[in-house]
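Biologist: I would like a close look at one part of this structure, the salt bridges and the stretches of chain that carry them, with the surroundings brought in where they help. Please take your time and connect the pieces as you go.

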Amino acid sequence: MGKLTIQRKEDAGRAILKLDGRLDTNTSLDLQEALDKEWETPHDITLDFESLSYMSSAGLRVILSTQKKATAQNTDFRLVNVSEPVLEVLDVVGFLEFIQVD
Amino acid sequence: MSIRQKVFVSTILLVLTVSMVVAGVAIFQQDDLKQNVIQKGEENIESVNGYTISLLESVNYDVAVMLASDLLEWIYEYLAVCQNTVHSAADYMEMLYERPGQKTVETGSVTVLPGTDRAQTSQEYMQIEDMQSYLVAQRFDTWEEGVAMYIVTESGMFFYSADTGVGTGEEFHTDLRQRAWYKTAKETGQPFWTDMYEDSVDDKHIISYCYPVYQKDEFKAVVGIDIPMESIIAFTLGPETENMTDVCLVDEKSNIIYSLNDTDGLNNYVMQNSSNIDQAFADDPASPFHVVHVDEESMAALVRLPEANWTLVLYSHFGNVRDAATDINQVVAENNNATIEYFDRTITQNILFFIIIDVIVIVAGILVARRNTERVIKPIETLEAMAKQVGEGNLDVQFDAIKTGDETEKIAESFNNMVGSLKEYINNLATVTAEKKRVETELDIANRIQKSMLPTIFPPFPDRDEFDVRALMNPAKEVGGDFYDFFMTDDDHVAMVVADVSGKGVGAALFMVITKTLIKNEAQTGACPADVFTKVNQALCSGNDEEMFVTAFLCVLEISTGALTCVNAGHNPPVLIGSDSSLELIKIKRNPALASWDGRAYQQEAFRLTPGQKLFLYTDGVTEAYNSDYEEFGTERMCDALRELNSQGANLEETIAQMRKKIDEFAGDEEQADDITMLMMEYSGCDSTSTLHLTADTKNLDALNEFLEEKLEDVGFSMKDTTQLLLAAEEVFVNIAHYAYGENEGSVRVSCEASAAPAHVVLEFRDSGVPFDPLAKEDADTGLTPGDREPGGLGIFLTKKVMDSVSYRYENGYNILRLEKSAGKDDSQKQQ
């Protein structure tokens, strides 16, 4: 528990980060770090939430800041395979309005 | 009294005393002398008086007797000579009558009595004519005047030894043959002494001796001699004896027939002693004279001649001797009185003289004392005034003005030196003071650092119900060598330590800082107490050149279980106090003091505390506090106090305060000799199933999750509910971790009360951070575009969304956030 692993794949210039575990206050830092690396060269990013069981506001903040950066760089940022509980959290805070979830 | 007065008064007193004593002694001696003189004088008078009188009396009597005897003999001899002369003349005449006339003589040359025929007498005259020249030859030239011898013959011739005034050959004017004496001699034919009679011619008192002359049996003539009493007296009594002697002649009947001076003394004597006079001669008829002692003042000398009927009485009285003695006495007394008077006068003068001298001495003494006092005191007063100036801060005063040449000048010189030194000293002092101030400041800082190193915020763990800790450290000096410490090594372990560094002061304080830091550092790694001490000991031993050491007691309490692990490094055994006030000293193995034995492996012991038990840690400053009798407070008194206070229900704070007070009361006025340190912990027990204590740090998030998952496991919440609960818990906890304690470390207590069927849970977060109500913040605006959204504020918003109710309160210094959720409610229901 309390662990988050991030697997990175590249598919036609798009980075696909697959998250496995929990995205909480502590683990969100790992994600932030991984994303900071991605921003060294602007490209599209997909976060795969298939194996993400939990996300707290800390994760929301990372998503929000990533979205802001993507908008600024005019790149594409999206979430895929979002589980029910995580989707609910995104919905509750109204993120679904501006974050693309496939 | 000022020195001036003292010196003055003492001098005056001395002068007064000496002069008074001298005057007193002199006056006393003078007076004594005077009394002596008077007394001796009076004694002299008395003794002279008595002695003179008695001596004079005795001498006088003897002299008087001798004189009287001599006189009597003289008188007797005188009268006897007269008698014998008459006898011789008579014998010669009788012889002449026996022979015929030798030659023819001129009868005309004979003196005849009236009626006598010269012619008829011529024959007889021729025979006795020699009698004329015989009588002349017998002239008593050497005798006193008036003594005369004569012959009257029956025939009418008259021969006379002295000049009778009648020329030779003339006729005498009186017929003497008709006189009584002649007739008596002629008739008795015996010689005899006549009684005294007064001479018709010259009034002399005369006695006569008459002798009848016979030729054969024929009466022829009478030879007689007249002796005037005056001549006897003149002969016998010189002018020397005249005053003391009287003479009288008494007849056979003791009638006074003649008295020289006719004094009462003599007359009375004769009148009263006529029988005695006769008796004197009757007793001793052989002696013709006697001396009779009459009385103390007088005597009588008696003489009686044969054939005489009278007695001559010489009466001597020497009463006048006494007068003489009295006169002498008077003279002596007068002289004496004059002497006394002289002495008296002289002594009075002397006393007066002494008084005057005294007054002069006193006056002079006062003047001299005043002058001397002035001379001595004036410089001292000057000195005092100068010293006062110095005292007021004027260090430029010069004491050179005082030139008395005595100690005062030396004092002034010393003052001068002193002021000089003082100036120098003050200059130095400024430097030194600055330096000292710096050191003091540093010491003060050290003290504050030391104090600040000890946890002083009580209660130290307000969010922990399971135990409480109170402690106190009073250093004996500015910075002490004692310390206490307590800290959480993790959420379930609290470490407590009490230690006493050998020595005191800065050195000890520094060592204490090192020790405390090392212990805390080691303990916080989670090492067991024995390992902590083993490591700390090693660290301290290396480079411990000062050979300092620390006695210490460290214990770590596992809050959830009450397990207490202790290690003792040469420290006093702590006291375990039961809830029933029973006491027990924790006498676990005692290891050597820290820093004393390099490489030592420390050994610990563990036992379990039960809720309600208390632990009392202390240093020897408590037990070895002593009073004025050097009696120690001692373990027994300490335990008694603990027992008493515990049974009174005193809490930790009160117990420590009261213990401190009792130590003070015991010590009385004695200064605190050693640092006094006490630490007390109460274990209340732990309900580990519903409460979790966490350090407010996001790294404890997993522990929180574990705790909650375990609690919620069997309650019957769906996966979704559980996730939401965890989400809410995380948001709250992270919020506290980020904001409640700022940069500091703090703790959070999380309690979770979960109940099943229907599943219900109440979560409560408690922290003692800055008061903050997270709910007061406006809800995040979910409708904004991402560019407008701020990254914060989502957590609480989410919490509110997922929980049935969220409430905040601030209570007793705690922020308390309460979350509630029941199973099965969905958002739609909730929103309605």
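**Surface patches and salt bridges in a predicted model**

Modeller: In this predicted model, I begin at the surface of chain B, where a nonpolar patch is made up of Leu352(B), Phe353(B), Ile356(B), Ile357(B), Ile360(B) and Val361(B), which together have about 530 Å² of accessible area. One of these residues, Ile360(B), belongs to helix α8 of chain B, which covers residues 319-391, and Ile360(B) is partly exposed, its relative accessible area being 49%. Chain A offers a charged counterpart, for Asp30(A), Glu33(A), Asp36(A) and Glu40(A) form a negative surface patch. Within that patch, Glu33(A) sits in helix α1 of chain A, residues 27-38, and with a relative accessible area of 52% Glu33(A) is exposed.

From the patches I turn to the salt bridges themselves, of which a search of the whole structure, over all chains, finds 30. In chain A, Asp76(A) is paired with Arg14(A), and their closest N and O atoms are 2.4 Å apart. Because Asp76(A) lies in the loop between α2 and β4 (77-80) of chain A while Arg14(A) lies in strand β2 of chain A, this pair ties together parts that are 62 residues apart in sequence. Arg14(A) is buried, with a relative accessible area of 17%. The pair also belongs to a wider arrangement, since Arg14(A), Asp44(A), Asp76(A), Arg78(A) and Asp102(A) are linked in a network of salt bridges.

The elements on either side of this pair deserve a closer look. Helix α2 of chain A, residues 57-73, has 17 residues and reaches 24 Å from its first C-alpha to its last, close to the 24 Å expected at 1.5 Å a residue. Its buried residues are Ser57(A), Ala58(A), Gly59(A), Leu60(A), Val62(A), Ile63(A), Leu64(A), Thr66(A), Gln67(A) and Ala70(A). Just after α2(A) comes Asn74(A), which takes a positive phi of about 60 degrees. On the other side, the loop between β1 (4-11) and β2 (14-23) of chain A contains Ala12(A), and Ala12(A) has a positive phi of about 55 degrees although it is not a glycine. As a general background, most residues other than glycine have a negative phi. Ala12(A) counts as exposed, at 81% relative accessibility, whereas Arg14(A) is buried.

Chain B holds two further salt bridges that make a useful pair to read side by side. In one, the side chains of Lys516(B) and Asp485(B) meet at 3.4 Å, N to O. This pair links distant parts of the chain, with Lys516(B) in helix α10 of chain B (residues 505-523) and Asp485(B) in strand β13 of chain B (residues 482-490), 31 residues apart. Both partners lie under the 20% limit for a buried residue, Lys516(B) having a relative accessible area of 6% and Asp485(B) one of 1%. In the other, the side chains of Asp640(B) and Arg643(B) meet at 3.1 Å, N to O. Here the two residues both lie in helix α13 of chain B (residues 634-647), three residues apart, which is about one turn of the helix. Asp640(B) is partly exposed, with a relative accessible area of 38%, and Arg643(B) likewise counts as partly exposed, at 37% relative accessibility.

Some loops of chain B complete the picture, beginning with backbone geometry. Ser581(B) has a phi near 70 degrees, a positive value in a residue other than glycine, and Ser581(B) lies in the loop between β17 (575-577) and β18 (583-585) of chain B. At 11% relative accessibility, Ser581(B) counts as buried, whereas Ala12(A) in chain A, which also has a positive phi, counts as exposed. In the loop between α9 (407-453) and β12 (467-474) of chain B lies Pro459(B), and the peptide bond leading from Phe458(B) to Pro459(B) is cis, with omega near -5 degrees. For comparison, most peptide bonds are trans. A further proline, Pro774(B), is found in the loop between β25 (760-767) and α17 (794-802) of chain B, where Pro774(B) is buried with a relative accessible area of 9%. Pro774(B) and Phe797(B) are 23 residues apart in sequence and, from C-alpha to C-alpha, 9.7 Å apart in space.

Definitions and conventions:
Residues are numbered from 1 along each chain as its sequence is written. Chains are lettered from A and ligands numbered from 1 in the order in which they are written. This is a predicted model: local features need pLDDT of at least 70, side-chain atom pairs count only at pLDDT 80 or more; totals for chains, interfaces and linings use all residues. Side-chain values use heavy atoms; hydrogens and water are left out. Helices (H or I, at least four residues) and strands (E, at least two) are DSSP runs, numbered from the N terminus. The expected span of a helix is 1.5 Å times one less than its number of residues. Buried means under 20% relative accessible area, exposed over 50%, partly exposed in between (1.4 Å probe, protein chains only). Patches are made of residues with over 30% relative accessible area and no salt bridge: like charges are joined within 9 Å, nonpolar side chains (Val, Leu, Ile, Met, Phe, Trp, Tyr) within 5 Å. Accessible areas come from the Shrake-Rupley method with a 1.4 Å probe; for residues, only the protein chains shown count as cover. A salt bridge is a side-chain nitrogen of Lys or Arg within 4 Å of a carboxyl oxygen of Asp or Glu. Lys and Arg count as positive and Asp and Glu as negative; His and the chain ends are not counted. The place of a charge is taken as NZ of Lys, CZ of Arg, CG of Asp or CD of Glu.
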